[in-house]
Amino acid sequence: MTTPDLPMLLPPAMVPEPSPLHVSTFAKPEYAKLTFTYGTVKSGANWPVHCKWFKVRVPTGRQASALTSEPTLIRSELTVPSGKRQWNVERDVRDPNQVVFTCSPPPDEPAAFDGTWSVQLELWGIEVNGGAGPVDITWEESTSTTGADGAYQNRTGRGEASKRDDSFYLHSFRPASVVINRSTKATLHWDGTPHARYTMHYRKPDGTQDSRPAKDGTWITPENLVDDTSFTLEATMGNETRYLTTYIKVNNPDIIVNTATAGGVIRAHDGITGPNDTRPLEVRGGAGLLVHKSLDVGTYAGGTTTIRNPLTANGNLTVHGSTVTGDLEAKGHVTATQTNKIVRIRDLRGPVKSGGQTVDPPLNIQSDVTVNQSKTFKVRYVTGLGTYPAIDFDAHLNLSTPGRTTTVRGPLVTKGNVTFDQKSLHEPPQNNTVSVKSTAALQGRVDAVGAPVLIAEFVVSSPRPDQQRTFTAQTSGFVLARAHAGGGAEHVRLTITTQGKSIEDDAHGTSRAGKNSMAVPVAAGRDFTVRAVKQSGAFNDRWAVGYFYWVPLGAGTATAKTVMADTDLAAPDTDTYPVDDGPAAVQEGP
């Protein structure tokens, strides 16, 4: 079992010079001095303290934890107060890792320290090695607190001396990358004395110079760089100052020059601007600006494009969003083909010819003209071309709007059908009418009658002697009545009633063949009633039939309003009667 070291009763006071110690360099060795004062300070004992010897151990080698690699160069001196016996100092360099200095009074004459005196050991000429860092200096003593003849014990202690690299050196100033992209930061490195004061001088993106403190061998620019930049590193230590300079290239830089002459092509990928938003970009020189292919003149929000002199375009001229307040003459094609873009023209006329004529020449349009369906195309006069001018419309033509009048001053000739419809394309039905307020001369055939539609078929017999229905005319037209009797003494009366007036006709059994007995006109929107009634005569199992037809003036129907009798009753088995095979156009009411 190892006995722990006992603390020293008389720990020495150590003073290093200089403090901290400076390490040596290849160009300049540095030396140190250590002074130890022993016997003045007491710890954990009563006076007097008797001492046979005390030792100082100094680590040696080239490592940072050693003080020197040249222990033989160390010089020593031990000072004892006058009136005291002289002490001896011995050096021991047998251990390559340390040098030991042993201080002792004469043999068998221990020194008695009572706090009034001390001995001083000075070690100087110590060539400090090149490794910076703390160094542990240890010491030992052989002391007794029980008198000169008492028991002596070995006790240990330690102190620390700090080594610092105070040599002034500066080298290897370089950028982490010699080329960086535009609008990125740069990183710079260097090797230099840690205890020097460093300042970085550089050119800011706005062209001014700035200075920032730097340390620890690395510095990053505070701004993103937009142009090639030089950097100067200033290092100061004591009264000495040193400088190093480096340079960084920036890809696609921002360049500000007063005068530039290019022997080749100048390419501006992101555009060329003037000095600021209030001053334009000026192209000077009597020759002007020659654009080989195309020129796109645009403006920022709220700006305008001003052309003070005549603008000549021998090729294409593309204008995005500009306004021309003066004359603009294009002797070539003017094309606006971008989707959803607009060409605005207040007055459109034919070309101006020399001679100061006062009459505008014709404007020739050599392709189709499309007007948005929600917009209006206004023309005061339209004249066709050729010897016999004509205007062809290859689509629906809407000649008027509600409350407007369409006037045809000359003859109106149609080579196809003319239809006056109650509704127009893409619109709900309208109550439109055709009014002729003067003489209408019809020299050809006018077909204004629709196809006859069977609207009522009454089988009159003894079980059902009286049948009728009421209809509403959706267009103007005629109601036709036709009777058919079975034979014998049958007698049936057909009646058509409208606007309070009735027209009737009788049919007898002796006239077995059917006949159209009457026709009654009915105005659009009017109600009319058709009726078939058994008259005198013995029907027995005989029957008679009354047919009623609707003949519209145009395309329309008559809508049934009331059903007075069941017309679905089948005819007697003893006879048959003719039926109409035309399409049913009757909508029965409840």
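Which cysteine sulfur is closest to the sulfur of Cys51, and how far away is it? The closest one sits in Cys103, at 9.4 Å. A disulfide is a covalent bond between the sulfur atoms of two cysteines. For Cys51, the gap to that closest sulfur is too far for a bond, because a disulfide needs the two sulfur atoms within 2.5 Å. Now start from Cys103. The closest cysteine sulfur to its own is in Cys51, 9.4 Å away, and that is again too far for a bond.

Are these two residues buried or exposed? Cys51 has 0% relative accessibility, so Cys51 counts as buried. Cys103 is buried too, with a relative accessible area of 0%. Widen the search to the whole structure, and zero disulfides turn up.

Keep in mind that this model is predicted. The protein has a mean pLDDT of 80. Of its residues, 72% reach 70 or more. Residues 562-590 fall below 50 in pLDDT. Even so, this stretch has 57 contacts in the model beyond near neighbours in sequence.

Next, look at a sheet. Three strands make up this open sheet, in the order β13-β15-β18. Their pairing is antiparallel. Which strands lie at the edges? They are β13, residues 170-175, and β18, residues 218-220. Each of them pairs on one side only. From one strand to the next, the twist averages 15 degrees.

Zoom in on one pairing. Strand β15 covers residues 187-192 and pairs with β18 in the antiparallel sense. Three bridges join β15 and β18. To find one bridge, start at His189: its partner in β18 is Thr218.

Technical notes
Residues are numbered from 1 along each chain as its sequence is written. This is a predicted model: local features need pLDDT of at least 70, side-chain atom pairs count only at pLDDT 80 or more; totals for chains, interfaces and linings use all residues. Side-chain values use heavy atoms; hydrogens and water are left out. pLDDT is the predictor's confidence in each residue, from 0 to 100. Contact means heavy atoms within 4.5 Å. Buried means under 20% relative accessible area, exposed over 50%, partly exposed in between (1.4 Å probe, protein chains only). Two strands pair if DSSP finds at least two bridges between them. Helices (H or I, at least four residues) and strands (E, at least two) are DSSP runs, numbered from the N terminus. Axes are lines fitted to C-alpha atoms, for helices over the stretch in contact, and angles run from 0 to 180 degrees between N-to-C directions.
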